[in-house]
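Colleague: I am new to this structure. Could you show me how to read it, feature by feature?

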Amino acid sequence: MSPEEFLEAAQSHSAWIAHYFEKVRDFPVLPAIAPGELAAKLPQSAPETGESIENIFSDFRSVIFPGLTLWNHPRFFAWFSVSSTQPAILADFLAATLNVNAMLWKSSPAATELEQVTLSWLRQWLELDDSFFGIIYDTASTAVLHAIGAAREYVDPECRTKGARPGLIVYVCEHTHSSSEKAAIALGFGQENVRKIPVDAQFRMRADVLEQTIQADLGEGKRPCCIVASVGSTSTSAIDPVQAIADIAERYNIWLHVDAAYGGSAAVVPEMRQILEGAARAHSLMLNPHKWLYVSIDCSVLYTRYPEILRRAFALGTEYLRTAEDESVTNYNEYGVQLGRRFRALKLWYVMRYYGRQGIVSMLRESLRLAQTLKSLIEQDDAFEICAPVPFSLVCFRHRGDDELNRNLLAEVNASGKAFLSQTVLNGNFVLRFAIGNFQTTEQDVRETWSLIRETAARIGENEPAGATRA
Ligand code: PLP
């Protein structure tokens with residue numbers, strides 16, 4: 001591709017991106033598409049000869065784009081709402097251009113050092129002390145795998161040579177994200193060695209039961225290895241009692257990992273900082289800038305106060321990777337299973353600089369405010385109930401009718417293409433989750449979606465067969 005051709009193509013793509021951000025509400029959040037429909041529209045084999053960017057881009061617009069769920073849409077309220085902001089997009093454009101691999105300091109000195117600098121900046125925003133070493137992985141699922149791998153190294157240093165000893169236990173709670181259990185399975189702990197501690201009425205891990213379970217395990221000769229506490233759990237965004245859990249972790253010398261993948265970003269807001277109070281005592285903590293810090297997927301940060309243990313768990317000192325600078329630099333590949341590493345720090349740097357701390361704080365505050373606005377709207381309607389506390393920007397609620405009504409309600413709202421919500425089950429009931437976090441979401445988006453929910457529920461109620469009992 002000639003420089004002129006590239007420039008022209010880049011300009012047409014940039015124009016489309018700018019238009020997307022401006023007109024995003026004109027597009028359905030959720031595509032009306034059946035499984036297999038998109039694949040059926042595409043050739044079964046790749047082309048023999050090259051095609052023009054114009055044609056490829058045209059197919060992107062007419063075939064691919066309409067089949068996408070628009071995560072970067074202000075009315076995407078499902079799971080956790082995320083944002084890819086323009087500075088992050090520009091940085092990813094550059095990172096792909098340079099295609100550097102941040103596996104070693106030598107393989108890309110500036111990428112390594114920028115990762116150190118941005119993670120130090122972020123650590124300061126979170127008011128964590130400088131004993132926390134940071135590393136960027138793709139996702140929180142990968143970050144927790146490394147945290148639990150480090151935990152195993154911490155309690156069983158011979159595991160890397162002899163294989164892990166049996167009976168190492170990982171403690172999560174009923175509402176901990178499934179990635180922790182998956183990591184324990186992948187690392188060979190055995191699913192039977194993952195304890196799911198019950199939660200209290202506010203969906204927080206019960207520290208008293210955690211301690212009893214640890215004592216029972218010790219009584220049976222098991223070795224408690226890692227506790228995963230959440231600051232912003234996935235179903236309800238509950239904050240586990242991290243201080244009490246840290247006391248227990250210290251008492252029994254167990255690695256404490258804090259999953260703040262979603263909620264952690266909120267600690268940048270001064271009045272929210274207390275959410276990380278106990279987390280500062282953790283052995284490791286993760287948060288996802290790609291969830292709620294306006295950085296495009298993927299970018300997940302793991303902080304640990306024990307980088308040498310993380311390194312011991314994963315470093316090999318391979319000959320062909322040695323460099324003259326090894327003694328004085330960080331070679332990030334030694335802190336994980338991945339050798340090749342994308343230049344993710346660049347987009348974090350762009351976002352942190354473009355918005356600054358104050359800009360980020362005001363965007364986070366707006367999401368927090370909108371969640372409280374929505375909560376009070378729901379509370380004013382007797383047909384609905386709030387199902388969990390709202391410490392962040394996720395609101396869990398349900399119609400007071402039965403599960404079937406709530407299921408239909410969710411399906412119809414989502415099928416409208418006007419908004420996209422997801423669900424969970426709390427105390428045996430089907431519950432709707434309305435997660436706010438996209439940088440373009442306005443109060444009007446929230447209010448109109450709430451009206452849509454109410455109108456849809458009323459319509460479903462009217463169409464009820466006679467004699468059906470709804471509250
Ligand atoms: N932890 C929490 C609390 C989450 O909500 C999620 C995903 O939603 C994860 C971990 C996993 O995140 P990722 O998709 O980055 O692996």
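Modeller: Start with handedness. A crossing is right-handed if the near helix is turned clockwise from the far one by less than a right angle, and left-handed if anticlockwise. Keep in mind that this is a predicted model. Here, the crossing of H1 over H4 is right-handed.

Colleague: Which residues of H1 and H4 make the contact?

Modeller: H1 brings Phe 6, Ala 10, Ile 17 and Phe 21. H4 brings Gln 86, Ile 89 and Phe 93. By class, that contact has 6 nonpolar residues, 1 polar and no charged.

Colleague: At what angle do the axes of H1 and H4 cross?

Modeller: Helix H1 covers residues 3–23, and helix H4 covers residues 86–98. Their axes cross at roughly 160° and come within 12 Å. Angles over 145 degrees count as roughly antiparallel. H1 is therefore roughly antiparallel to H4.

Colleague: Now H6 and H8. Are they parallel or oblique to each other?

Modeller: Look at the angle again. H6 (residues 140–155) and H8 (residues 178–186) pack at about 50°, with axes 9 Å apart. H6 and H8 are therefore oblique to each other. Their crossing is right-handed. On H6, the contact uses Ser 141, Val 144, Leu 145 and Ile 148. On H8, it uses Ser 179, Ser 180, Ala 183 and Ala 186. These residues split into 5 nonpolar, 3 polar and no charged.

Colleague: How do H6 and H12 pack?

Modeller: At an angle of about 95°, with their axes 8 Å apart. Angles of 65 to 115 degrees count as roughly perpendicular. So H6 is roughly perpendicular to H12. H6 offers His 146, Gly 149, Ala 150, Glu 153 and Tyr 154. H12 offers Ile 309, Leu 310, Arg 312, Ala 313 and Phe 314. In this contact of H6 with H12 there are 6 nonpolar, 2 polar and 2 charged residues.

Colleague: On to the ligand. Which residues come nearest to it?

Modeller: The ligand has 13 residues around it. Ala 140, Ser 141, Thr 234, Asp 259 and Asn 288 come nearest. Ser 141 is also one of the H6 residues in the contact with H8.

Colleague: And which polar side-chain atoms lie by an oxygen atom of the ligand?

Modeller: For a polar contact, look for N or O atoms paired within 3.5 Å. A side-chain N or O atom of Thr 234 is 2.9 Å from a ligand oxygen. Asn 288 places a polar side-chain atom 2.9 Å from an oxygen atom of the ligand. For Lys 291, a side-chain N or O atom is 3.1 Å from a ligand oxygen.

Colleague: What should I look for in the backbone?

Modeller: Most peptide bonds are trans, and most residues other than glycine have a negative phi. Look for exceptions. The peptide bond from Ile 297 to Asp 298 is cis, with omega near 10°. Asp 298 sits in the loop between helix H11 (289–292) and strand S7 (300–304). Trp 79 has a positive phi, near 40°. Trp 79 is in the loop between helix H3 (53–64) and H4.

Colleague: Last one. Where does Glu 325 lie?

Modeller: In the loop between helix H12 (307–314) and helix H13 (345–379). Compare sequence with space. Glu 325 and Leu 104 are 221 residues apart in sequence, but their C-alpha atoms are 9.9 Å apart. Leaving out residues up to four places away in sequence, Glu 325 touches Trp 105 and Lys 106.

How values were computed:
Residues are numbered from 1 along each chain as its sequence is written. This is a predicted model: local features need pLDDT of at least 70, side-chain atom pairs count only at pLDDT 80 or more; totals for chains, interfaces and linings use all residues. Side-chain values use heavy atoms; hydrogens and water are left out. Axes are lines fitted to C-alpha atoms, for helices over the stretch in contact, and angles run from 0 to 180 degrees between N-to-C directions. Helices (H or I, at least four residues) and strands (E, at least two) are DSSP runs, numbered from the N terminus. Angles under 35 degrees count as roughly parallel, over 145 as roughly antiparallel, 65 to 115 as roughly perpendicular and the rest as oblique. Contact means heavy atoms within 4.5 Å. Ala, Val, Leu, Ile, Met, Phe, Trp, Tyr, Cys and Pro count as nonpolar, Asp, Glu, Lys and Arg as charged, and the others, Gly among them, as polar. A residue is near a molecule or strand if one of its heavy atoms lies within 4 Å of it. A polar contact is a pair of N or O atoms within 3.5 Å; within protein, one must be able to donate a hydrogen and the other to accept it, and residues adjacent in sequence count only if both atoms are side-chain atoms.
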